[in-house]
Amino acid sequence: MITINTDLLTADGTLNIERIREDFPILHQEVNGKPLVYFDNAATTQKPIQVVEALTAYYLNDNANIHRGIHSLAERATAAYEATRDSVKTFINAKEREEVIFTRGTTEGINLVASTWGLANLKAGDEIVVSAMEHHSNMVPWHMLAQRTKAVVKILPMNDAGELLTEAFDTIITAKTKILACVHVSNALGTINPIKELIAKAHAVGAVALIDGAQAVSHLDIDVQDLDADFYAFSAHKLYGPTGVGVLYGKRAILEAMPPYQGGGEMISEVTYESCTFNELPYKFEAGTPNIADVVALKAAIEYVHSIGKAAIRTYEHELLDYAVSKLKDIEGIRLIGTAKDKVSVQSFVFSDIHHQDLAIILDKEGVAIRTGHHCTQPLMGRLGVTGTSRASFAFYNTKEEIDQFIAAIYKAIKLFR
Amino acid sequence: MATINEIQDQIVEDFGLFDEWDEKYAYIIDLGKKLPGIDAKYKVEENIIKGCQSLVWMTSNYKDGKVYFEGESDAIIVKGLVALLLKVLSGQPAEDIAKSDMYFINKIGMEQHLSMTRSNGLASMVKQMKMHAIAYQSKTV
């Protein structure tokens, strides 16, 4: 049984940061003699003790292979695994639990759709629409599919602030479009895309819509029915949960019509030497023994986030973002990358005279962890005319004091380099 | 000319003067700034040691049994580290380069740059320089 703390919020509904930080022991360490400042949350978030305990408790008490064993441990393990499915269903407001498929992560979810739905439905000349700010995970599977089917990948353009050009939607999304694959929140820019509008545009031309929600789930309320998304993929590890687990949501009718992804145990109904029939949803897409323990622990992560509440998280994270931006924009020679009006707590930036790798090395010496490079978005970097950026991404356990340490570290780096 | 190990020992001694990490880095940054870049015509794909974050170009010449290196990077700390490697290895006999042990990197506290994730760490630069030396050796045999 997982206990969720009820004192993560103060009486006035704001975050009790000190109390929250107690749940993240990893944050209380020194790096290179300085207090750790972890601003690489868009790459992966830290895990609260509740998630680690759920993982440990599963292995200490309940470990068994799921679904087939007729013994108590197998029943407990199965119940815990399937309880996470129910938890995810509620978390994203799926209509049915069978629409929630466990994967290894966002990347696998997108590859699953490209390999199964894509190969079954695309032919030469059909068009796949992605945005200019896709992560390679939502670009490469479609390129691979296009190479196999002779379909064409089209790009939704964006402006210099990192916002998709809504006026271009109707010229790019046309009767030739078979699938729209778009990122909900950009990992490199923080932009929140108008995906509800995009999904409606896709549906209007008879296309399906897949949303890469990797960067969205920890910040935004996700309602797949309200969005009317056909597919929605995300990873547990960016949601304060374990690595190696992701979710692919798909509408039942579409999933039913899709061929299976991988063959093996669990996904079959009957197998003879000559042939086989496939299991029903969601098991049809969960071949082999899944990552049971991490799926079980994902439930604790969802409950943790839920116990603070996304609205309170967003308010606080925006305070952090505004504070950081107000300090960053005063630094001489800085160019902020990703200045969309609608953003999550991610800020990229570049200096014309300081290489991002150099900056990251000095920041690490000062205890500050940021991400530098192309963020697996090489086409986007090309569009922005940079080889890479420095990116600070904030989570609900970060503080303004940490931002001060981060800014001081940048000034120290500048002194060294200029 | 001093041997590879004599030069390494000298660098270790020099770095011993620095009390703080930022003094070490200021020195490396200075080395990077002072290292002459390589000619644009050598900045081609085949001379790149490719990393996820920054680029390193490395070329070499062989004369009288010795290997002369030139290198550059678009990141200044990496360029400073390249300068140190050139200081130690450039102009040395191919045979000595091939069997050299770059122990100074650990001794000056730069070991974190040996295996920087998916990046052109020092280890791949040293490996590349040794490959050059071995290639020249095999040509002359």
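## Strand 7 of chain A and a loop residue of chain B

A:Ile128 sits opposite A:Ile179, a residue of strand 7 of chain A. That pairing is a good way into this predicted model, for which the predictor reports an ipTM of 0.89 and a pTM of 0.94 for the complex.

Let's stay with strand 7 of chain A, which spans residues 177-183. On one hand, strand 5 of chain A (residues 127-131) pairs with strand 7 of chain A in the parallel sense. On the other, strand 7 of chain A also runs parallel to strand 8 of chain A (residues 208-212), where A:Ala209 is the bridge partner of A:Leu180. Here are the two pairings together:

| Partner of strand 7 of chain A | Sense | Bridges |
|---|---|---|
| Strand 5 of chain A (residues 127-131) | parallel | 4 bridges |
| Strand 8 of chain A (residues 208-212) | parallel | 5 bridges |

Strand 7 of chain A is largely enclosed by the rest of the structure, because 7 of its 7 residues are buried. Together with helix 7 of chain A (residues 195-204) and strand 8 of chain A, strand 7 of chain A makes a right-handed β-α-β unit.

Now over to chain B, where the pLDDT averages 90 and 93% of the residues score at least 70. B:Ile108 lies in the loop between helix 5 (104-107) and helix 6 (122-140) of chain B. Is this loop residue buried or exposed? B:Ile108 is buried, because 20 other C-beta atoms lie within 10 Å, and 20 or more is the cut-off for that label. Setting aside neighbours within four places in sequence, B:Ile108 is in contact with B:Ile11, B:Val12 and B:Phe15. By C-alpha atoms, B:Ile108 and B:Val56 are separated by 21 Å, and they are 52 residues apart along the chain.

Terms used:
Residues are numbered from 1 along each chain as its sequence is written. Chains are lettered from A and ligands numbered from 1 in the order in which they are written. This is a predicted model: local features need pLDDT of at least 70, side-chain atom pairs count only at pLDDT 80 or more; totals for chains, interfaces and linings use all residues. Helices (H or I, at least four residues) and strands (E, at least two) are DSSP runs, numbered from the N terminus. A residue is buried if 20 or more other C-beta atoms lie within 10 Å of its own, exposed if 12 or fewer, and partly exposed in between; C-beta atoms are placed from the backbone. Two residues are in contact if their C-beta atoms, placed from the backbone, lie within 7 Å. pLDDT is the predictor's confidence in each residue, from 0 to 100. Two strands pair if DSSP finds at least two bridges between them. A crossover is right-handed if, with the strands pointing away from the viewer, the path from the first strand over the helix to the second runs clockwise.
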